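These are my notebook entries on what I looked up in this entry. I kept them in the order in which I followed the chain pairings.

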Amino acid sequence: MPFRKRYLFVCTNRRPDGHPKGSCAEKGSEDIVPRLKEALAKRGVAKDIVRACATGCLDLCESGIAVLQEPEHVAYGGVTANDVDDIADAAAQGGIVARLVVHGAGVADVPEATEPSAAH
Ligand code: FES
């Protein structure tokens with residue numbers, strides 16, 4: 001299988017019931033992964049352009065359900081099943097869903113990447 005141009009990492013971390021931080025799985029993220037895969041497949045981009053993957057905690061728990069899109073390096077928050085088609089459409093075309101962005105794309109506090117110092 002080819003290395004994709006784009007990845008959608010869906011947090012499926014689950015914490016014990018009653019944990020104060022909650023978790024994306026508790027909010028239904030395990031259902032988002034297959035829905036995204038199906039949506040990408042319907043658009044004909046699943047096999048070579050965009051892959052949706054389950055991942056562990058993205059440390060965006062307060063914004064869950066959290067989805068990280070790379071290489072755009074944007075995090076979506078509060079994702080629901082109703083957002084799956086918009087996410088798939090945007091990812092298939094190399095775009096983002098601005099209304100869902102909670103970090104990155106100039107929305108929040110992502111530090112700019114810095115080059116390693118040349119000093120020894
Ligand atoms: S539990 Fe999903 S980002 Fe932490």
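I began with β3 and β4, which pair in the antiparallel sense over three bridges; I note here that the model is a predicted one. Looking up the register of this pair, I found Gln69 opposite Val74 in β4.

I then looked at how the chain passes from β3 to β4, and found that the two form a hairpin with three residues between them. In that turn I checked the backbone of His73, whose phi is positive, at about 55°.

Next I turned to the pairing of β3 with β1, where strand β1 (residues 6–11) and strand β3 (residues 67–70) run in the antiparallel sense and are joined over four bridges. For the register I noted that Leu8 has Gln69 as its bridge partner in β3, and that Phe9 stands opposite Leu68 in β3. Gln69 therefore appears twice in my notes, since by DSSP bridges it faces Leu8 as well as Val74 in β4, with two bridges being the least that counts as a strand pair.

I went on to ask in what order the strands lie in the sheet. Five strands form an open sheet, ordered β2-β1-β3-β4-β5, and the pairing is mixed. At the edges I found β2 (50–55) and β5 (101–103), each of which pairs on one side only. The twist from one strand to the next averages 30°.

Last, I looked for what lies across the sheet, and recorded helix α2 (residues 84–92), which lies across β1, β2, β3 and β4 (74–76). Its direction, taken relative to β1, is about 155°.

Notes
Residues are numbered from 1 along each chain as its sequence is written. This is a predicted model: local features need pLDDT of at least 70, side-chain atom pairs count only at pLDDT 80 or more; totals for chains, interfaces and linings use all residues. Axes are lines fitted to C-alpha atoms, for helices over the stretch in contact, and angles run from 0 to 180 degrees between N-to-C directions. Two residues are in contact if their C-beta atoms, placed from the backbone, lie within 7 Å.
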